[in-house]
Structure formats: C-alpha cells, structure tokens
Amino acid sequence: MTLNGKSAIVTGAASGIGAEIARVFAEAGAKVCIADLNEPRTGTKNTISLRMDVTDEGQVERGVDEAVRQLGGVDILVSNAGVQHIDSIAEVSFANWKRVLGIHLDGGFLTTRACLRHMIRQKRGGSIILMGSVHSLEASVQKGPYVAAKHGLAGLCRVVAKEGAPHGIRSNLICPGFVRTPLIERQIPQLAKEMNISEESVVKDVMLRTTVDGEFTTVNEVAQVALFLAAFPTKALTGQSIVVSHGWHMG
Ligand code: NAD
C-alpha cells in the first residue's frame, strides 16, 4: 500500500491513534499535516504540524487552506480528534454534552467540508476517513454524548459517500474497539469509581470482556486500516463502517 504523491491532513494527531496514522502515512510516502490543539511531541519526516481547534470554523478554514498551500493539495483527510466524557444521561451537564458533540460532530463536519471543497476544486478525487468507534454501532452506559456523537459520524460518512461520488471522493468510518491511548488511560480510574469495581476489573470485565482474545486493539492496527482505506483505488469501498475491535463487535 503506497501513498506516494498524496497529501493528508490528520486531526488529533499529536497523540494516540492519530499520531500513529500520521507516522504510518508518512512512511507510506504521503506528505502529512498534523492538525491538533497541541504540538506533536516528536517530529516525523514528511510531516508538518498546525495548531487547530476543530470546533472553530475560522481555525479549520484557515488551517486547511494553510495545509493545502504547504502540502500542495489534500487527497486524504482523517478526522480523528476526539475526547471522552464519563457520565450518565441523567447526570451529564448540557455543557459537557455540547463539548463532546462539538469536538466529534462539529469537528468532523467542519474538517470534512473544508477538505471536500478543496478536493472538488482539485479534480483528483480523495478519501475522507472519519474516526468512529464501536460506539458508532453499540451503546454503553456512562458514555451518552460520545455514543450519540459517534453514531452521528456514521450518518455524515454515508452522506459524504453519496455526495462525494461524482467527484471521485470516498468516505469511510473506522470503528475501533478499546485502544490503550491517553483517552482510555483517563477512563479506567473514572469507570472504576463510577461502577465501584477495581481498575483491573474495568479492563478485564468491562472493556475487553467481549473481545475474542481479551486484547486491546493497538494504534498500529487502526493505522493499518486507515492506510488501506486511504490507498484503496476505487469507490467499491465507500460509505462503510469498518470495525477493528478484536471481535468485540461483529457484523
Ligand atoms: P488521544 O487522547 O490520545 O488523542 C486525541 C487527540 O485529539 C489529542 O491529541 C487532542 O489534543 C486532540 N484534540 C482533542 N480536542 C481537539 C480539538 N478540539 N481540536 C483539535 N484536536 C483536538 O485519544 P485517541 O484514543 O487517540 O482518540 C483518537 C480518536 O479515536 C477519537 O476520535 C476517539 O474517539 C477515537 N477512538 C478511540 C478509541 C480508544 O479506545 N482509544 C476507541 C474508538 C475510537
């Protein structure tokens, strides 16, 4: 799988899954823009970085324009920036509900719209990859805003697949299971407290109980799927939700 000659923007790529996607894309030959609230800790060959809050329309528009200028276009977007918030629907504040939906859904929309406009003008097709979750397809307790936002991204992905098709633009959703990134490390003690169980039990009996092998999905496993979707040559693969979860979710 090669991305030679391609330019990619990856949001939320200063950490976790996004950082590995940026590394794997650059290794496959792409020029990559890391767009995040934070600076990446390590620079990688063939990457540039831009500070961008994906919930801010002006920052997204200016950031994508700047990335396109520096990279010579945009062929691939990975809209990956995200956060989690642990609370029941009965308890969650409206501010936290809006914060989570804003980062995932507004961020997914704003970055997709900005890149689509460039891709349509460039007339060389493109691949939009949205970072969903098994929670795009299933619900869990204490994660209402996240589950609602991730389900929403599945709808956005399918609309973009239809509207992008005449321009040779594909759109797919990656749905990872639990990946041990800072986002998950923060959740383990919170869930242990909310559920009144040990942290070991959160990992074994909550997060990994229904996987086929009791293993976390790795950042590299998700990045390899992103590479496959980015490099896939035709619209046979568009509008799909691809689950990468060690069998947590099947079907
Ligand atoms: P992470 O916390 O390691 O990285 C998230 C990145 O997003 C951070 O660098 C952060 O600075 C950035 N970010 C947050 N808000 C932003 C904003 N407003 N603008 C720009 N950047 C922002 O988390 P991760 O686990 O690598 O998560 C990446 C994506 O994968 C998220 O969308 C998450 O929902 C999804 N996901 C993660 C898991 C998992 O188990 N870790 C599972 C399924 C889906």
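Q: What makes up the shell around the ligand when its residues are sorted into nonpolar, polar and charged?
A: The shell has 15 nonpolar, 11 polar and 4 charged residues, where Ala, Val, Leu, Ile, Met, Phe, Trp, Tyr, Cys and Pro count as nonpolar, Asp, Glu, Lys and Arg as charged, and the others, Gly among them, as polar. The model is predicted, so that local features need pLDDT of at least 70 and side-chain atom pairs count only at pLDDT 80 or more, while totals for chains, interfaces and linings use all residues. Residues are numbered from 1 along each chain as its sequence is written, and side-chain values use heavy atoms, with hydrogens and water left out.

Q: Which residues around the ligand come nearest?
A: A residue is near when one of its heavy atoms lies within 4 Å of the molecule. Of the 30 residues around the ligand, Ser15, Asp36, Tyr146, Val179 and Thr181 come nearest.

Q: Why do Ser15, Asn80 and Gly177 count as polar contacts of the ligand?
A: A polar contact is a pair of N or O atoms within 3.5 Å. An N or O atom in the side chain of Ser15 is 2.6 Å from an oxygen atom of the ligand, a backbone N or O atom of Asn80 lies 2.8 Å from a ligand oxygen, and for a backbone N or O atom of Gly177 the distance to a ligand oxygen is 3.5 Å. Each of these pairs therefore meets the definition. Taken alone the ligand exposes 840 Å², of which the protein buries 95%, with areas from the Shrake-Rupley method and a 1.4 Å probe.

Q: What makes it right to say that the ligand sits in the largest pocket?
A: A molecule sits in a pocket if more than half of its atoms lie within 2 Å of the pocket's grid points, and the ligand is placed in the largest pocket. The elements giving two or more residues to the shell around the ligand are α1 (16-27), α3 (94-122), α4 (144-164) and α5 (182-195), these helices being DSSP runs (H or I) of at least four residues. The largest share of that shell, 4 residues, comes from α5.

Q: Why is this space called a pocket, and how much space lies in it?
A: On a 1 Å grid over the protein atoms alone, a pocket is an open set of points with protein on both sides within 12 Å along at least five of seven lines, and its lining residues have an atom within 4 Å of a point. About 800 Å³ of space lies in the largest pocket; of the 40 residues that line this pocket, Asn80, Ala81, Gly82, Val83 and Leu183 are closest to its centre. α5 gives the most to this lining, with 5 residues.

Q: What makes a space a cavity, and how many of 30 Å³ or more are found?
A: A cavity is a set of points where a 1.4 Å probe fits but cannot get out, and the search of the whole structure finds 2 of them at 30 Å³ or more. The largest cavity has a volume of about 50 Å³, and its lining takes its largest share, 4 residues, from α3. About 30 Å³ of space lies in the second largest cavity, whose lining residues include Gly177, Phe178 and Trp248.

Notes. Polar contact = N/O pair within 3.5 Å; in protein donor to acceptor, adjacent residues only side chain to side chain. Points joined across faces, edges and corners; volume = space filled by probe spheres on them.
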